[in-house]
Every structure is written in C-alpha cells, then in structure tokens.
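Please walk through this structure with me, beginning with its charged pairs and moving from there to the core, the helix packing and one loop glycine.

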Amino acid sequence: MTTKDYSITLQDNTGRSVTLYINGDSIDEQVASGASLAAATEGAEGNAFGNAIDRNEIGADAWIV
C-alpha cells in the first residue's frame, strides 16, 4: 500500500487557520502493523491536530475547511 502525503486545513472560531501535512508513509506503517486504514488515518490526523493545539497554532474547536 502506498498512501500519498496530503494536507488538511483547519480553522478555529477566532479565524486562525493552519494547514497540517500528513505523511502517507506513517499511515502505511500503522496499516502494516495491523491497524485499519481508517484508524491509521484518523490517528495520524488526530496526532497532527493535537500537536498544532500544543504549539498554539489553532484552537481545540477547529474544523476542517
């Protein structure tokens, strides 16, 4: 399986936005370890979102735009 790298853009209620880059290889590694594609994708995106919150780049109320 080869998942292409991709990005998602989020915006919070203050108008801040951030683009998160998702590494396809990290998703493929999780799938190879037994995770479903959906779970691996959700995990990678959730991790990127959590890191952006920790770096104060976006609020926890953000949504995909």
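**Salt bridges, core and helix packing**

In this predicted model, the side chains of Glu57 and Arg55 meet in a salt bridge, with N and O 2.9 Å apart. Glu57 has a relative accessibility of 30% and therefore counts as partly exposed, since that class lies between the limits of 20% for buried and 50% for exposed. The whole structure holds 2 salt bridges, and Arg16 forms one with Asp12, where the closest N and O atoms are 3.1 Å apart. The partners in this pair fall into two accessibility classes: Arg16, at 30% relative accessibility, is partly exposed, whereas Asp12, at 2%, is buried.

Glu57 also leads towards the interior, as it is one of the residues in contact with Ala52 once neighbours within four places in sequence are left aside, the others being Leu20 and Ile58. Ala52, Leu20 and Ile58 belong to the largest nonpolar core, which has 12 residues in all and also includes Ile8, Leu10, Val18, Ile22, Ile27, Ala40, Ala44, Ala48 and Ala62. Two or more of these residues come from each of strand E1 (6–11), strand E2 (17–22) and helix H2 (37–54), and H2 gives the most, with 4 residues.

How, then, is H2 placed against helix H1, which spans residues 24–32? The axes of H1 and H2 come within 9 Å and cross at roughly 135°, so H1 is oblique to H2, and the crossing is right-handed. On the H1 side the contact is made by Ile27, Gln30 and Val31, and on the H2 side by Leu37, Ala40, Thr41 and Ala44. Among these, Ile27, Ala40 and Ala44 are also members of the largest nonpolar core, and through them the helix contact and the core share residues.

The loop between H2 and strand E3 (63–64) contains Gly59, which has a relative accessible area of 14% and is therefore buried. Leaving out residues up to four places away in sequence, Gly59 touches Asp12, Arg16, Phe49 and Ile53, and two of these, Asp12 and Arg16, are the partners of the salt bridge with the 3.1 Å separation. The C-alpha atom of Gly59 is also separated by 8.1 Å from that of Thr14, although Gly59 and Thr14 are 45 residues apart along the chain.

Definitions and conventions
Residues numbered from 1 in each chain as written. Predicted model: local features only at pLDDT ≥ 70, side-chain atom pairs only at ≥ 80, totals over all residues. Heavy atoms only, no water. Salt bridge = Lys/Arg side-chain N within 4 Å of Asp/Glu carboxyl O. Buried < 20%, exposed > 50% of the residue type's maximum accessible area, 1.4 Å probe, protein only. Core = buried A, V, L, I, M, F, W, Y, C linked by side-chain atoms within 4.5 Å. Contact = heavy atoms within 4.5 Å. Axes fitted to C-alpha atoms, helices over the stretch in contact; angles between N-to-C directions. Parallel < 35°, antiparallel > 145°, perpendicular 65-115°, else oblique. Left-handed = near helix turned anticlockwise from the far one by under 90°.
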